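Student: I should like to examine how the terms used for a structure follow from its computed values. May we take them one at a time?

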Amino acid sequence: MKASRRINYKLVVGMLVVQAACFFVPQPVFCQRESLDIIEYTPPRGWTKTPKDGLIVYSTIDKVTGGYCLLTVYPSSSSAGSPQKDFAASWSERVAAPFKADSDPKPQSHTEHGWTSLSAATQIISDGTPSAVMMTVVSGYGRSASILVILSNQEFMPQIEAFMGGIKMNEATAMAYAKPPPTAPASNAAPIPNSYDPAALVGRWGNGIAGDTISGSYITYGSNASQQFYIFNADGTFRFVYSGYSGLAGQMGSFHITTEESGVYSIKGDSITITPKKSQSNSNSGGVTSNALETVTYRWTIHYFEGSKEYELILHPDHQTQRDGGFSYGCLAFPNSYCYPQIKK
């Protein structure tokens, strides 16, 4: 009988968590690097590489012990809206269904630099041989990618650990992949040829058309409300409007302010530079005041969200801006970004 080393599954999961945390730490590079869209890595030395249907499988067999290991790197796909949903979908498709394994594992997670990794492991019986299945799903910037490992004993764990620890996620490539779906939008929405087409940007993007009148007489209730939107014109000019209101309309102590900016914008690939030429605020307490002009370069894309059935303009600067305010934390698929839904006419 061939020797075999049993697998400590708790140890496997613990190692996965440590390895996943290494995604976010710069790694020394000693071997030839490879990549599959948003994933960069160093392949296991001496393993057989088999590209198949867009994914890549690395495999090895120990002829002495009969042990084997399969490592599959899957191409990324659009995020389902949260790392938890991404993991659940990938686990169901690639582990639970084909191996009749646990359908509801409790993954370990780690988040850093806009990426969240979820990892879990389970035991399966393959051709009468106990094996371990380990999956890590990494989500961020509108994309999700999976790495699946199947191994029959622990002799391969050092190589798996080295592979996982050498992974680097490519943020710029992830945002470049965030495209509208190939299907046409609803008939009342303008077709969007691709993510970085300047013509696709023309129009209004924001949190609602109420931004035009929220500080006017139409507000008759007590609330703390704010709306903001961009208008991008085909001639390279833009307009930005922010309206905020707090308190009971028409009553003492209520406060409202409207800020308007106008200027020009320019696009170069996935970068857009917005340069205001005029910026003024008008409040019921301070009257009309001029604001400092803030030129900002963002990475941008237009992304289609399946859940809301909406196109949204994603603006990703190096830091929070005076014009846009705090990042859109409700837009989980694009951390540290501003998300502006398309406002249809």
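Tutor: Certainly. Please bear in mind that this is a predicted model.

Student: What makes S18 and S19 a pair of strands?

Tutor: Pairing requires at least two bridges between two strands. S18 and strand S19 (residues 310-316) are joined by seven bridges in the antiparallel sense, so they satisfy the definition. Within this pair, His303 stands opposite Glu312 in S19. Four residues lie between the strands of this hairpin, and Lys309 has a positive phi near 60° there.

Student: How do you know that S16 also pairs with S18?

Tutor: The same cut-off of at least two bridges applies. Four bridges join strand S16 (residues 271-283) to S18, and the two run antiparallel. Ile274 has Val296 in S18 as its bridge partner.

Student: Why is S18 described as largely enclosed by the rest of the structure?

Tutor: Strand S18 covers residues 296-305, and eight of its ten residues are buried, so the description follows.

Student: Why is Gln228 called buried?

Tutor: Buried means under 20% relative accessible area. Gln228 has 11% relative accessibility, so it counts as buried. This residue is found in strand S13 (residues 222-232).

Student: What makes the approach of Gln228 to Tyr340 a polar contact?

Tutor: The pair of N or O atoms must lie within 3.5 Å, and one must be able to donate a hydrogen and the other to accept it. The side chains of Gln228 and Tyr340 are joined by a polar contact of 2.9 Å, so the distance falls within the cut-off. In addition, a polar atom of the Gln228 side chain lies 3.3 Å from the backbone oxygen of Asp324. Gln228 also touches other residues, including Gly206, Asn207 and Phe240.

Student: How do you know that Phe334 is buried?

Tutor: Its relative accessibility is 0%, so Phe334 counts as buried against the limit of under 20%. Phe334 is found in the loop between S19 and strand S20 (338-343). Its C-alpha lies 9.3 Å from that of Gly81, although 253 residues separate the two in sequence.

Student: Which residues touch the most other members of the largest nonpolar core?

Tutor: Ile39 and Leu71 do, in a core of 34 residues. Among the elements giving two or more residues to this core are strand S2 (39-41), strand S5 (68-73) and helix H3 (157-165). Apart from this core lies another of 21 residues, among them Leu201, Phe232, Phe238 and Tyr338.

Note on methods:
Residues numbered from 1 in each chain as written. Predicted model: local features only at pLDDT ≥ 70, side-chain atom pairs only at ≥ 80, totals over all residues. Heavy atoms only, no water. Buried < 20%, exposed > 50% of the residue type's maximum accessible area, 1.4 Å probe, protein only. Core = buried A, V, L, I, M, F, W, Y, C linked by side-chain atoms within 4.5 Å. Contact = heavy atoms within 4.5 Å. Lists of a residue's contacts leave out its neighbours within four places in sequence.
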